[in-house]
Structure formats: C-alpha cells, structure tokens
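Reader: I would like to go through this model by question and answer. Please keep to what can be computed from it.

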Amino acid sequence: MACAGALSAAVYCGSPANAAGDAARGEVLYQGCQDCHSIEKNDVGPIHKGVVGRTAGTVPGYNYSPALRNAKIVWTEENLDKWLTNPQEFIPGTKMFYEVKNQQDRADLIAFLKERAR
C-alpha cells in the first residue's frame, strides 16, 4: 500500500499522550488510506466523515464485520489510536488489518480526521 512507505518513513515522537497531532501531515498520510477509505463515501472501508465521536459499526450502507458491529465502542481519539495500532488486537475478528505502528503518524492521522473529516 502507498500508505506503508509514507508511514514507515516517519520519525517516532513519544507516547500518544505526548504526541500532538499535525492535521496537515495527517492529510498527506491519509492519501495512502484512500486505497480503502474515503471521507465522503463508503468504499472497501466505511466513510470517515464524522468518524471521531461516532459509535463503531453504525455507518448506514456499510457491511461491517459482526465483531465491529457488536463492539459498542465510540471512536474517541484514544480508541482510534488503539485501533490504528493493531485493529485485530483491539477488536478481534474485524476486517481491517492495516496497522500504523508509528505513534506520531497515528496522532497526525487522528488530528486530520478530527479537524477535517467532520
């Protein structure tokens, strides 16, 4: 995936609590996520518009895995960080497999979603 190269090139910058997200950088990183996701429409993955604060598994018209549909979590910044770190570990049985190992990359992606995917 295109996202993998961009994400692996980033520098590690502390823990999520200390990592201030850069929405502009997150927008650049998000380009690789567009292999599966869109801000405006469901694709391979569900729409991201309004994801921060939304209950997981609730976008109309998207065919979620039973695991995510039944997770009953809200996409807070903390939960998005856990999800992006390892979706299969956070919610076993989900369809998403892509991991964002770098903490600063996760913070930047979350800042982008929070600010620009409202």
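Reader: What percentage of the 118 residues of the protein count as buried?
Author: The model is a predicted one. A residue counts as buried when its relative accessible area is under 20%. Of the 118 residues, the share that meets this is 46%.

Reader: What is the accessible surface of the protein, and what percentage of it belongs to carbon and sulfur atoms?
Author: The accessible surface comes to about 6,300 Å². The part belonging to carbon and sulfur atoms is 55%.

Reader: Which pattern does the protein follow along the sequence?
Author: The secondary structure consists of 6 helices and 0 strands. Read along the sequence, the pattern is α-α-α-α-α-α.

Reader: What share of the contacts with a separation of 6 or more comes from residues 24 or more positions apart?
Author: The contacts in question join heavy atoms within 4.5 Å. Among those with a separation of 6 or more, residues 24 or more positions apart account for 51%.

Reader: Are α4 and α6 parallel or oblique to each other, and why?
Author: Helix α4 covers residues 77-85 and helix α6 residues 103-116; their axes lie 10 Å apart, at an angle of about 130 degrees. An angle over 145 degrees would count as roughly antiparallel, and 65 to 115 as roughly perpendicular. The angle falls in neither range, so the two helices are oblique.

Reader: Which residues of α6 are met by α4?
Author: The crossing of the two helices is right-handed. By class, their contact has 4 nonpolar, 1 polar and 4 charged residues. From α4 come E77, L80, D81, L84 and T85, and they meet, in α6, R106, L109, I110 and K114.

Conventions:
Residues are numbered from 1 along each chain as its sequence is written. This is a predicted model: local features need pLDDT of at least 70, side-chain atom pairs count only at pLDDT 80 or more; totals for chains, interfaces and linings use all residues. Side-chain values use heavy atoms; hydrogens and water are left out. Axes are lines fitted to C-alpha atoms, for helices over the stretch in contact, and angles run from 0 to 180 degrees between N-to-C directions. Helices (H or I, at least four residues) and strands (E, at least two) are DSSP runs, numbered from the N terminus. Angles under 35 degrees count as roughly parallel, over 145 as roughly antiparallel, 65 to 115 as roughly perpendicular and the rest as oblique. A crossing is left-handed if the near helix is turned anticlockwise from the far one by less than a right angle, and right-handed if clockwise. Ala, Val, Leu, Ile, Met, Phe, Trp, Tyr, Cys and Pro count as nonpolar, Asp, Glu, Lys and Arg as charged, and the others, Gly among them, as polar. Buried means under 20% relative accessible area, exposed over 50%, partly exposed in between (1.4 Å probe, protein chains only). Accessible areas come from the Shrake-Rupley method with a 1.4 Å probe; for residues, only the protein chains shown count as cover.
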